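Visitor: I have a structure to look at today. Could you walk me through its cysteines?

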Amino acid sequence: MMTSEKPPLPADGQGDEAELGLEVEQEVPVETVRDGWDSKVEYFLAQVGFSVGLGNVWRFPYLCHQNGGGAFILLYVVLMVLVGVPLFFLELAAGQSIRQGSIGVWRHISPKLVGIGYSSCVVCSFVALYYNVIISWSIFYLGNSFRYTLPWENCPTEGNSTVVVKECAASSPTSYFWYRKALDITDSIDETGEFNLIITGCLLLAWVIVCLAMYKGIKSTGKVMYFSSVFPYVVLLCFLIRGVTLDGASEGIKFMFYPRLEIWADVQVWRQAATQVFFALGLGFGSVIAYSSYNPRNNNCHRDAFTVSGVNFLTSVLASLVVFAVLGFRAKTIATDCVKRNLMAINASDVLHKNITLNEYENWYRNKGQYMEIPGYNITACSLEDELKQGVEGTGLAFIAFTEAMTLFPGSPFWSALFFLMLLNLGLSTMFGTMAGILTPLTDTFKMLRNHKLLFTACSCAMGFLIGLMFTQRCGNYFVAMFDDYSATLPLIIVVIFQTISVAWVYGADRFLEDLKQMLNRPVPVVYKYLWKYVCPIAMLGLLGASLLKMVLERPTYTAWNREKASKEVLPYPGWALAVLITLIIVAFLPVPMGYLHSLLLDRLSQSPADAEARYEPCATTDTDLTPLDTLYPLLEANHDPHLQNGNIESVESSVL
């Protein structure tokens, strides 16, 4: 088993070492002081804010809807307990114990593994680029929500005439506003089109907000979290109270949660559940490590792992209740209007009574209606269940389906503004964590960046805006989908696999558990040893294999909007787009082998990794009781160890995290 090369011990404790008869051959640098959380509440809100994001609102409900309802939730909970919580606890403990960002943590374990941290930074950069574009869309819709008649409530007319725009009439007002007014989207990714100036301005505003919230590090971010992390729950509760009172809400909730256990036999459902667990907790980004690195050393991170994971899951369930209560109301309204149109067409006074229910109409249509012929009119099925089965995910759920449902509310501008303000805060709180996954490890590693943190933050945000302009073209939505589906998924899975193997096998699960026992002053359940060594790696390797197999067997596709047909269509990515897609995956993963090769090169040049590590200054948090003498406390307590009595400090040091 490979042992880790530890950072040098602080020099301030030389007097105590002399009392124990230990020789100190050279002076080593004192720990670099860094900020800490002002309170446990700020830290908790930051972790919750990062893990609870837009995916909880528009991804989790869709997956439940498509994959067996209650059966999917049960599967999700099982995977969360066996894989999600142990890996989340591992990242929390590693960051809190070593007090570094992702680069420093894995460099501390072994210099050969430093590439894991750099890979996390690259993936965070990719995610930040497109995630802020989604935030800019929320800003655009928020601004339009303050108009007395919502602009997506009715179809516009051609010029000064009363003729409705053909594209809108063939689709819906909300779809038309999203694809034509907000995005002004092209028909395919091959057609670039000019920049969307309004969305570009919203993107600039989004990056300015992020910069202002991050410019003092966690000292400024922590204060913002009091609003950005709490406000979405206020909005969700308001929507839940309003939603359950709507006609059709119970049908929507029942449809979503009704368990269909047969889906457990589908491998793709397991893959989707595992992927959702993986991304819901933000594993592999380095953001969890960054936030926990600012904690006091004795913080109970084991309890935090269960608390944050539990809040994340309950938020997903709460969001699903809200979404399907509202979508149930939307579906029942559409189906009821459909019945009214058909009744008028067939002069229903002679065929059906006017107060017919949806169930009665469905039975009539199944037995007689579908065989009825009326010149110039096609009698259609008006099924509540069929409307609910038309599941939409991601942006389609937020900016089309849910937006359409809110136009049916009394006082729709108020509810619309509330909803998009919630989306804005959900996105920003996750964005802050993503930026922390970039800025924290780099400022911890490079002294020049640490000395000019404000300038580095501003330059990073400016660079993010400039590169993000590619997403504000008319074809930008297709690039957002590409980055969301492929730039993070595979690299992050690989990163988490390496993280788990590094701790469980390279450093040693037993050693890590002993370190945690000393840090927390309480034993950690030994079951984590087996979860980290066997269950988690096998599960992540299975997820990686299933994802790769899906990419190989099925050519990657994207959903485009056809202007002439006024409908969506699934298109395969062109060759150049596949090349970009593969390049993103390679670039994100490349730091891992490069870091390993760099360490081997240092060995060849007679410069050992330990020598390189000696120039790396560890950091401490200002709000902890940690002093240079405290870092030697485990050594001072071990004065009965034969290694200490022989003056062999290295062997003792290697056993202390």
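Guide: Here is a short talk about cysteines and how they are classed. This is a predicted model, where local features need pLDDT of at least 70, side-chain atom pairs count only at pLDDT 80 or more, and totals for chains, interfaces and linings use all residues. Residues are numbered from 1 along each chain as its sequence is written, and side-chain values use heavy atoms, with hydrogens and water left out.

Visitor: Why is the pair C155 and C168 called a disulfide?

Guide: A disulfide is a pair of cysteine sulfur atoms within 2.5 Å. The S to S distance of C155 and C168 is 1.9 Å, so the pair meets that rule. By this rule the count is one disulfide.

Visitor: What makes the disulfide of C155 and C168 left-handed?

Guide: The torsion about its S-S bond is about -80°, so it is left-handed.

Visitor: Which parts does the pair tie together?

Guide: C155 lies in the loop between α7 (114-144) and α8 (166-170), and C168 lies in helix α8, so the joined parts are 13 residues apart in sequence. Helices here are DSSP runs (H or I, at least four residues), numbered from the N terminus.

Visitor: How do you know whether C155 and C168 are buried or exposed?

Guide: Buried means under 20% relative accessible area, exposed over 50%, partly exposed in between (1.4 Å probe, protein chains only). C155 has 24%, so it is partly exposed. C168 has 1%, so it is buried.

Visitor: Why is C211 not bonded to C461?

Guide: Their sulfurs are 4.2 Å apart, too far for a bond. C211 has a relative accessible area of 18%, so it counts as buried.

Terms used. Helix = DSSP H or I, 4+ residues; strand = E, 2+ residues; numbered from the N terminus.
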